[in-house]
Structure formats: C-alpha cells, structure tokens
Amino acid sequence: MVSHEMGLRIGLLGDLHGNSLDAKSWIRRTQPDFCIQVGDYWLYDEEWSVPMYWIFGNHERSKAVRGLIDGTYPLSENNRWLMGGLVDIQGVSVMALPGLPQARGAPGPAHYPPKVYELCRRQAGAHVDLFVSHGCGFLFGAMARDIRTGRTEFLNFEEEPITELIRLVRPTYAVSGHNHRFAVEENEGITCIRLGHRAGSLAHMVEIEPRSQVSGADTHNGLP
Ligand SMILES: [Zn+2]
C-alpha cells in the first residue's frame, strides 16, 4: 500500500512577551501540528490548542524561572519547556539553545547558559532539522536606534559563538528571536529565520518530513 506522507507543519513563534492573542489567532488560521517559540515567552499558564515548545529568553518572569528549574512550577499540558540540547519532537530533530534569563532588562545580546552551549557542541554531528536559539547567529544587521547612545546606526545583532555553533551543527533551519525584526536569509546553505514580535511578523511556518517515519519504513526489510 502506498501512503502519501506529508511533512509536519511546524509553527515558529517569535518573542511573545505575554501576547497570546496574536499567537492564538495565527494558530487558528494556519493549524500547525505543533509550535516552537524562541523565548521571552511569559505564557507559562496559557492553554494552547497544539503543543507549544518554548525556550527561555533573556526576559522571563523570575518566579517562573525559579519554579521551572526546581520543578515546582505546574505547566499546563500543551505548555512544554525545552531546557536545551537535542530533542526529538514527533520525529523532528530540534536543538535548543535558550537565552540566559537576567534580572534586569538591559538591552544587548541575549547570552546563553554556558553549560547548555557546551552540551549542544558535544551533540553536534547528529542530524538537526531545527536549531532554535533566543539570540541569533550570522550577520544580521539593521539601521536602528541604539538605546544606550540615542544614535541611529548600523547594528549587527549576531552573537558570534552562536554562529560558530550553527556552523558545527549544520541544521536545516536556524531560528531565533530577541531582536524583534523579521527576516528569512540563507547563510552558508542554512536557512536563518529571524522572527519578529508583532502580529504580522511574529510567526513563520515550516514543513518538515519527520525522520522516524522514514526510518520506520526501513524496518520493513524492503517489503512494500
Ligand atoms: Zn530577548
């Protein structure tokens, strides 16, 4: 019997900062199989219609951060926190590098937990469909007003260690947020998806063929 396999539709969501309304209306319209959110999330108590996988950004609620790390925070069923490193989600390989939650909301790079960075480095070599980080890799510039100097100038949002890690991991997609600017760009054969934070720019859909279905087919020893 020939089955016509479709890829999984994965909704990628940018910094939500508690904005569940725009995220939910996008999910209702586009019907993804599941979503991945890139940090600065704040929606730890939200009920979602599809599984919502998310990472820490640099701006999270400190009470929730503590409770999640010590295991006392009760997340709702579809609310799925990714601590970092490689995970398999319905046959899709996802590597997560969260931002480092900081007590004060100072502008600047998102940073990341160094031990999680090292874990990701050690896991490089595995097949990765989606590399998800809060800050971004590869040159990503824009004319912007520097909050510290008050001047409008060319800012590069790249965090170079993230670029190095992406080069090592070679995912199909590298997904990030933090800078609130939307762009889809090719860098060295990797599609970099930079997500925005407003209704028109906070989401992007990708379709990925799950690998477990491919390897599942292999276990039939060549029989149709
Ligand atoms: Zn951020």
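**The whole chain.** Begin with the entire protein chain displayed as a cartoon: its secondary structure comes to five helices and 13 strands. The radius of gyration is 18 Å, close to the 17 Å that the globule rule gives for 224 residues, so the chain is as compact as a globular protein of that length. Please keep in mind that this is a predicted model. Along its principal axes, the C-alpha trace spans about 65 × 40 × 35 Å. Of the 224 residues, 36% count as buried. Among contacts between residues at least 6 apart in sequence, 64% join residues at least 24 apart.

**The open sheet.** Select strands β1, β2, β3, β4 and β13 next. These five strands form an open sheet in the order β4-β3-β2-β1-β13, with mixed pairing. Its edge strands are β4 (79-81) and β13 (203-208), each of which pairs on one side only. From one strand to the next, the twist averages 25 degrees.

Now restrict the selection to residues 8-13, strand β1, and residues 34-37, strand β2; the two run parallel and are joined by four bridges. Within this pair, Leu12 stands opposite Ile36 of β2. Add helix α1 (residues 20-30), which packs on the sheet and touches β1, β2 and β13. The direction of α1 makes about 160 degrees with that of β1.

**Strand β7 and its neighbours.** Move to residues 130-133, strand β7. Which way do its side chains point? Leu130 and Val132 point one way, Phe131 and Ser133 point the other way, and all are buried. This agrees with a general pattern: in a regular strand the side chains alternate between the two faces of the sheet.

Next, show the strands paired with β7. Strand β6 (residues 92-97) runs parallel to β7 and is joined to it by four bridges; here the bridge partner of Met95 is Phe131. Strand β10 (residues 173-176) also runs parallel to β7, with three bridges between them. In this second pairing, Leu130 stands opposite Tyr173 of β10.

**The nonpolar core.** Which residues have the most contacts inside the largest nonpolar core? They are Leu12, Ile36, Leu130, Phe131, Val132 and Val175, in a core of 49 residues. Several of these have already appeared on the tour, including the facing residues Leu12 and Ile36. The largest share of the core, five residues, comes from β6. As a general tendency, nonpolar side chains in soluble globular proteins are buried together.

Select Phe131 and display its surroundings. Leaving aside residues up to four places away in sequence, Phe131 touches Met95, Ile166, Val169, Pro171, Ala174 and Val175.

**Helix α4.** Two of those contacts, Ile166 and Val169, lead to helix α4 (residues 160-169), where the buried residues are Ile162, Leu165, Ile166 and Val169. Turn the view to look down the axis of α4: these buried residues fall within an arc of 100 degrees, so they line one face of the helix. On the other side of α4, Glu160 and Leu168 are exposed.

What covers the buried residues of α4? The covering elements include β6, α3 (114-123), β7, β10 and β12 (190-194). Finish at Arg170, just after α4, which takes a positive phi of about 50 degrees.

Terms used. Residues are numbered from 1 along each chain as its sequence is written. This is a predicted model: local features need pLDDT of at least 70, side-chain atom pairs count only at pLDDT 80 or more; totals for chains, interfaces and linings use all residues. The radius of gyration is taken over C-alpha atoms; the globule rule is 2.2 Å times the number of residues to the power 0.38. A residue is buried if 20 or more other C-beta atoms lie within 10 Å of its own, exposed if 12 or fewer, and partly exposed in between; C-beta atoms are placed from the backbone. Two residues are in contact if their C-beta atoms, placed from the backbone, lie within 7 Å. Two strands pair if DSSP finds at least two bridges between them. A nonpolar core is a set of buried Ala, Val, Leu, Ile, Met, Phe, Trp, Tyr and Cys residues joined through C-beta atoms within 7 Å. The arc is that of the directions from the helix axis to the C-beta atoms. Axes are lines fitted to C-alpha atoms, for helices over the stretch in contact, and angles run from 0 to 180 degrees between N-to-C directions.
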